[in-house]
Amino acid sequence: MHGALDDTICAIATPPGEGGIGVVRISGLHACDVASQVVRLRSGKSLHDLRTHVMALADVGSPGATRAVPYRTESRPHGVLDEALVVVMRGPHSYTGEDVVEVQCHGGPVVLDQLCRSLISAGARLAEPGEFTKRAFLNGRLDLAQAEAVLDTIRAKTARSLAIAQSQRRGELSREVEETRSGLVVALAHIEAALDFAEEDIAFVRQDELLRLLDETLIKLRGLVQSGEEGRIWREGAAVAILGRPNVGKSSLMNALLRSDRAIVTPIPGTTRDLLEEVVNIHGIPVRLFDTAGIRTTDDPVETEGIRRSHLAWEDADLALILLDSSQPMLESDLLLLRRSEAARALLVLNKCDLPSRISKEDLTRVCPVSAGLFEISAKMHIGLDGLRDAISSRLMPRGLESREGVLVTNLRHAAAFERALQGVEQARQSVDAGRAGELVAMDLRIAADALGEITGAITTDEILERIFAEFCIGK
Ligand code: GDP
Ligand code: ZN
């Protein structure tokens, strides 16, 4: 086994705070040795003899305390912390691939903390963030893309995001990557064999076969690269900024979409000074909604900061909802906002349609691109919100919610690697066409194959691993 994996790690696996139960997990070659100093089975058996994946009742406490006289209800040994259920999952059939012991005890922070301390004094060390999953990767239980999907599964904000993360965790993306990569590797082997035979060119390889493989690979890679934009939204959520001068109803719209009262609604202009972010579920799309301070000129430094931030939010947003108050004539600040709007990234929203209108669509067409789409709503009376939701969703997912077949690229790291792979294969394809030397074709195919290998971790560096697992929580 890997030298660095010889030590035993432990961590609280359940979230901080009080809970019905709390779970501490221990993993390593010597997990049973370490845990048995802290855990005493009620059956009197040793942990080493416990059947794998079978739960047993136990007392847990400081090392030694639980090793006292055989258990008797009337005389709890001193130092016993809690009653617990314990399960041993023997490697390689465990999450990490090593022996894993999980202790379920009462979910109080003190119990869990003390239990971890006991395990540490028994020889374990506190796990680093993501270390259980990192070990699973190093022990070959899952590849890197699957390990990343574990985190996406935990973080998924909608059912649809979860389903995509789960398909990646089951290895669907990895299979696609490995299939593509092995095709390239076989082609490489042929080309290199031809080179070894000192052929001048790659005529030795069936040229038509090579071209067919490259063309197939190109189609696949292009599809994957294209799925990246939507995939990112499924994983991270789309950023949608609500823009408009004070009092047009930004907070009200945000609340209406949230169907709750998390943003403060108030009739005093300029009270939304900060960026407020909330995640809403729009047709399964996780949407990060920003309520921004109004675009307006003011001397108030706090307000100015709010305006600066709202400009930033706008620049980063996938979509902006430009809000107007239809019960008021348009003001200079409305016009300013409208002129700056880009049709592709904006929806025009006329709010307060429950009141008599003082803005005509003709006026509006004169100042801004109506191709942006125009929606009449009342945030207060909840009118027109379904239409707005549909428009947001179809703007964010122009190909529709279910249209895409096959796997989606959701992760930026993967997207960048697919991009490099695509470039490599395109380059190779051109070299074959131009009749360039086999070495050149091989070099580009090697670049592409390696880029794909980085996705699953077939090819990886400590730096990549460190960056990925640092994002996890301790205990996962
Ligand atoms: P913000 O400054 O853009 O965030 O605007 P608010 O959401 O705080 O709303 C300003 C005022 O307009 C509040 O008094 C709201 O109750 C009112 N308001 C918001 N939406 C509507 C609407 O659709 N109809 C009517 N009649 N009033 C609204
Ligand atoms: Zn507001």
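## A two-sheet protein around ligand 1

Residues 24 or more positions apart supply 70% of the contacts in the protein with a separation of 6 or more. Please keep in mind as you read that this is a predicted model. The protein has 476 residues, and 41% of them count as buried. Its secondary structure amounts to 15 helices and 13 strands.

### How confident is the prediction?

Let us start with the scores. The model has an ipTM of 0.98 and a pTM of 0.80. On average the protein reaches a pLDDT of 86, and 85% of the residues score at least 70. Among the elements, β1 has the highest mean pLDDT, 97, whereas helix α9 (residues 301-316) has the lowest, 67. Two stretches call for some care. Over residues 68-75 the pLDDT stays under 50, and the model has 7 contacts for them beyond four places in sequence. The pLDDT is also below 50 over residues 261-268, a stretch with 13 contacts in the model beyond near neighbours in sequence.

### The seven-stranded sheet

Now to the sheets. One of them is open and has 7 strands with mixed pairing, in the order β3-β4-β5-β6-β2-β1-β7. Its edges are β3 (39-41) and β7 (125-126), each of which pairs on one side only. β3 runs antiparallel to strand β4 (residues 55-61), and 3 bridges join the two. Within β3, Val39 stands opposite Val60 of β4.

Which helix lies across β1, β2, β4, β5, β6 and β7? That is helix α2 (residues 109-121), which runs at about 15° to β2.

Helix α3 (residues 131-138) also has ties to this part of the protein. With 7 of its 8 residues buried, α3 is largely enclosed by the rest of the structure. The buried residues are Glu131, Phe132, Thr133, Lys134, Arg135, Ala136 and Phe137, so the list includes charged side chains as well as nonpolar ones. Their cover includes β1 and β2 together with the helices α4 (144-155) and α15 (462-469). After α3 comes Gly140, which has a positive phi near 75°.

### The six-stranded sheet

A second open sheet, again with mixed pairing, holds 6 strands in the order β9-β10-β8-β11-β12-β13. Here the edge strands are β9 (276-282) and β13 (374-376), each pairing on one side only. Ignoring direction, neighbouring strands of this sheet are turned by 25° against each other on average.

Strand β8 (residues 238-243) is mostly covered, with 5 of its 6 residues buried. In the sheet order, β8 stands between β10 and β11. The table sets out three pairings of this sheet, each with a pair of residues that stand opposite one another.

| Strands | Sense | Bridges | Opposite residues |
|---|---|---|---|
| β8 and β10 (residues 285-291) | parallel | 5 bridges | Val240 and Leu289 |
| β8 and β11 (residues 319-325) | parallel | 4 bridges | Ala241 and Ala320 |
| β9 and β10 | antiparallel | 7 bridges | Val279 and Arg288 |

### Helix α8 and ligand 1

What does helix α8 pack against? Its buried residues pack against five strands of this sheet, β8, β9, β10, β11 and β12 (346-351), and against helix α12 (385-396). Of the 9 residues of α8, 8 are buried, so this helix is largely enclosed by the rest of the structure. They are Lys250, Ser251, Ser252, Leu253, Met254, Asn255, Ala256 and Leu257. Just after the helix, Arg259 takes a positive phi of about 55°.

Helix α8 (residues 250-258) also gives the largest share of the shell around ligand 1, namely 3 residues. Which residues come nearest to ligand 1? Out of the 20 residues around it, these are Gly249, Lys250, Ser251, Ser252 and Lys380. Lys250, Ser251 and Ser252 appear among the buried residues of α8 too. By character, the shell divides into 7 nonpolar, 9 polar and 4 charged residues.

Terms used. Residues are numbered from 1 along each chain as its sequence is written. Chains are lettered from A and ligands numbered from 1 in the order in which they are written. This is a predicted model: local features need pLDDT of at least 70, side-chain atom pairs count only at pLDDT 80 or more; totals for chains, interfaces and linings use all residues. A residue is buried if 20 or more other C-beta atoms lie within 10 Å of its own, exposed if 12 or fewer, and partly exposed in between; C-beta atoms are placed from the backbone. Two strands pair if DSSP finds at least two bridges between them. A residue is near a molecule or strand if its C-beta atom, placed from the backbone, lies within 6 Å of it. Two residues are in contact if their C-beta atoms, placed from the backbone, lie within 7 Å. Axes are lines fitted to C-alpha atoms, for helices over the stretch in contact, and angles run from 0 to 180 degrees between N-to-C directions. pLDDT is the predictor's confidence in each residue, from 0 to 100.
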